[in-house]
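Notebook open, starting with the sheet and then moving on to helix packing and the core.

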Amino acid sequence: MYSTHIKNLPEEIQRLFLKLLPHKDLMNVILVCKSWMEMGQDPALWSSFLVKVNTKMHIQKLRIPRLQKIQRIRLCWKLEGGYNQHQSDLQQPGVLRDLFHAISVIPSVSEINGIWTYNLRSLEPRLLASVMSRLKKLSFGRELTKDQIDSIMSVVAEEYTEVEEINVDFSSYGFSPDSYLFAAAATNVKKLTMFAPLGFGKEFLAFFKMMKENNRCLKKITIFFADHNLLANIEPDILGTALNSLEDVHIDGPSHGAGLRVLEQVTNILNKLVKDESKLKRLKLRFLTSDDMKNLNPELVRQAQKKVGKIYDIDKCSEYVEGVEDNEEEDDHSFGDNI
């Protein structure tokens, strides 16, 4: 039987074997001989390797040649007490700056686990933006200053961005991004989640106006209102057109009764939804009450729900649901009597 040693195989075949190895085994294999050591330095073999950075000394890992195509980094996230009280020396402003400089020269990094447990406010906005704008998912809240947020938003708003999802929580932090930059960035990602307090109205208006005019990428939006429905001041046609350019919409908040203005908006949304040009596949308006549902055109609601399922929250609209079920039972009995 003919056989050959693996080292006698063509180099490209040997590389394929190395690529199949778990990274723990690969680290041992490259110590076997010089040729495998050289092949093992190929950054493509280490692209999925998770680099753990727990201390200042670990930043040196990010300068190793074979790790220049990594996609994931995990930072130390163990806290001694409350928020930002780290055991690690990575939280020190100078060390944090060195860490971000090291990450900034590795363009393939798209995930940094533990990053949001750090206070990033000491970082220069452009340096922060150069790293954060490469991540697939961004979260905004108390961790950043307004200048830092605007710097990141301006990069995400550019035509080609790596960011796919943005989470925004401005419930109690006393600042907001530039309205135009926020709108441009939010319409240039696939998924947006917002927790919105009072005082966020101008950002909402700018966002929905831009989405109506030019929704570049956004497909799914989830909005939670802290106090009351901040969409009430948006023109029904703007809101209806914007939401129907999406595939998945989920809006939740206090149920105080929608009022005539919001019912006009919901009617506009549903009218556009039942038309063929709507992209909506799922619509949840969880702020609606039973009284709100009763004030909507029942036939319009029926047609809309035939396309996207229940648009209301069953628990909040239990009285409406019971009424609908009773009507359906009556219709079934009437149908049976006519047979």
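Ground rule for the sheet: I call two strands paired if DSSP finds at least two bridges between them. Strands (E, at least two residues) and helices (H or I, at least four) are DSSP runs, numbered from the N terminus.

This is a predicted model, so I note that local features need pLDDT of at least 70 and side-chain atom pairs 80 or more, while totals for chains, interfaces and linings use all residues. Residues are numbered from 1 along each chain as its sequence is written, and side-chain values use heavy atoms, with hydrogens and water left out.

Sheet. I looked up the strand order and got S1-S2-S3, an open sheet of three strands with parallel pairing. S1 (50-53) and S3 (111-113) are at the edges with a single partner strand each, so one side of each has no neighbour in the sheet. S1 and S2 (residues 72-75) pair over four bridges in the parallel sense. Across that pair, I found Val 51 opposite Ile 73 of S2.

Core. Next I checked the largest nonpolar core (buried Ala, Val, Leu, Ile, Met, Phe, Trp, Tyr and Cys joined through side-chain atoms within 4.5 Å; buried is under 20% relative accessible area, 1.4 Å probe, protein chains only). It has 101 residues, and Phe 100, Phe 207 and Phe 208 have the most contacts inside it.

Phe 207. Which residues does Phe 207 touch? Leaving out residues up to four places away in sequence, I listed its contacts (heavy atoms within 4.5 Å), among them Phe 182, Ala 183, Leu 192 and Ile 221.

Helices. Phe 207 of H8 also turns up in the contact with H7, alongside Ala 206 and Met 210 of H8, among others.

Technical notes. Buried means under 20% relative accessible area, exposed over 50%, partly exposed in between (1.4 Å probe, protein chains only).
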